[in-house]
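This report examines the fold of one protein chain and then several of its residues in their surroundings. The sequence and structure are shown first.

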Amino acid sequence: MQKRYLRPDGSSVVANLLVTRFANPDRLISTLFWQESGRPLPPARLWEAALRMRQVHATRAMLFGADLSTDPIGSLLISIYLAEAEGRNIGLADAAAHANIPTSVTERWIRVMQQRGVIEYQKTTIDIRLTSAGMNNIESVLSSFYEPPNAVQI
């Protein structure tokens, strides 16, 4: 829901109210947010962008087939981000299932992302987490959903 609020100085701001129902029907989360120039997006908007990215990927796979819709790194990063944003743990098998790739391939990509400082993972803990740098980078990617596209230079 979107609503315009007046500030004491007479200016206005358009705010959005996001209410999310999780799997448990008794668990609702609501967030009031707005965008002002120069301010980072609130977590609810980033989470929404991640959900949209996952939906676009699933729709593309449904319409064009899984073989024409591969983006293992993007799918893994979104799955890991969503797990953290929703307070869930994600392990290798879950990440592989979300990315629709074999566990062996997932493990290889996880090692590459570890070497690049994007994620933290130890087989003994089972849990895959974004590093601080990884979180900053994925949030920058998600924020780009709300930025106007640059004009194409010809």
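Leaving aside its neighbours within four places in sequence, with which residues is I101 in contact? In this predicted model, I101 is in contact with P72, L76, A96, T106 and W109 once those neighbours are set aside. The residue itself is placed in the loop between helix 3 and helix 4. I101 counts as buried because its relative accessibility is 15%, and buried means under 20%. One of its contacts, P72, is 29 residues away in sequence, yet the two C-alpha atoms are 7.1 Å apart in space.

The loop between helix 3 and helix 4 also holds N100. N100 has a relative accessibility of 59% and therefore counts as exposed. Its phi angle is near 60 degrees, a positive value in a residue other than glycine.

**Overall fold**

The secondary structure of the protein chain consists of five helices and five strands. Along the sequence these elements follow the pattern β-β-β-α-α-α-α-β-β-α. The chain has 154 residues, of which 32% are buried. Of the contacts with a separation of 6 or more, 45% are accounted for by residues 24 or more positions apart. The accessible surface comes to about 10400 Å², and 55% of that area belongs to carbon and sulfur atoms.

**The largest nonpolar core**

In soluble globular proteins, nonpolar side chains tend to be buried together. The largest nonpolar core of this chain contains 27 residues, and those that touch the most other members are Y81, I110, I119, I128, L130, I138 and L142. Two or more residues each are given to this core by helix 1, helix 2, helix 3 (92–99), helix 4 (103–115), strand 4 (119–121), strand 5 (128–130) and helix 5 (132–143). Helix 2 supplies the largest share, seven residues. When residues up to four places away in sequence are not counted, I110 touches I80, L92, I119, Y121 and I128.

**S69 and its surroundings**

S69 is placed in the loop between helix 1 (43–64) and helix 2 (72–85). Is this residue, S69, buried or exposed? S69 counts as buried because its relative accessibility is 3%. A polar atom of its side chain lies 3.3 Å from the backbone nitrogen of A61, and a polar atom of the S69 side chain lies 3.0 Å from the backbone oxygen of G65. Not counting residues up to four places away in sequence, S69 touches H57, R60, A61 and F64.

**A nonpolar surface patch**

F64 also belongs to a nonpolar patch on the surface, which it forms with M62, L63 and L68. Together these residues have about 520 Å² of accessible area. L63 is found in helix 1, and L63 counts as exposed because its relative accessibility is 60%, where exposed means over 50%.

**Accessibility of selected residues**

The table below gathers the accessibility values for the residues discussed individually.

| Residue | Relative accessibility | Class |
|---|---|---|
| S69 | 3% | buried |
| I101 | 15% | buried |
| N100 | 59% | exposed |
| L63 | 60% | exposed |

The loop between helix 3 and helix 4 thus appears twice in the table, with I101 placed there and N100 found there as well. I101 counts as buried, whereas N100 counts as exposed.

Note on methods
Residues are numbered from 1 along each chain as its sequence is written. This is a predicted model: local features need pLDDT of at least 70, side-chain atom pairs count only at pLDDT 80 or more; totals for chains, interfaces and linings use all residues. Side-chain values use heavy atoms; hydrogens and water are left out. Helices (H or I, at least four residues) and strands (E, at least two) are DSSP runs, numbered from the N terminus. Buried means under 20% relative accessible area, exposed over 50%, partly exposed in between (1.4 Å probe, protein chains only). A polar contact is a pair of N or O atoms within 3.5 Å; within protein, one must be able to donate a hydrogen and the other to accept it, and residues adjacent in sequence count only if both atoms are side-chain atoms. Contact means heavy atoms within 4.5 Å. Patches are made of residues with over 30% relative accessible area and no salt bridge: like charges are joined within 9 Å, nonpolar side chains (Val, Leu, Ile, Met, Phe, Trp, Tyr) within 5 Å. Accessible areas come from the Shrake-Rupley method with a 1.4 Å probe; for residues, only the protein chains shown count as cover. A salt bridge is a side-chain nitrogen of Lys or Arg within 4 Å of a carboxyl oxygen of Asp or Glu. A nonpolar core is a set of buried Ala, Val, Leu, Ile, Met, Phe, Trp, Tyr and Cys residues joined through side-chain atoms within 4.5 Å.
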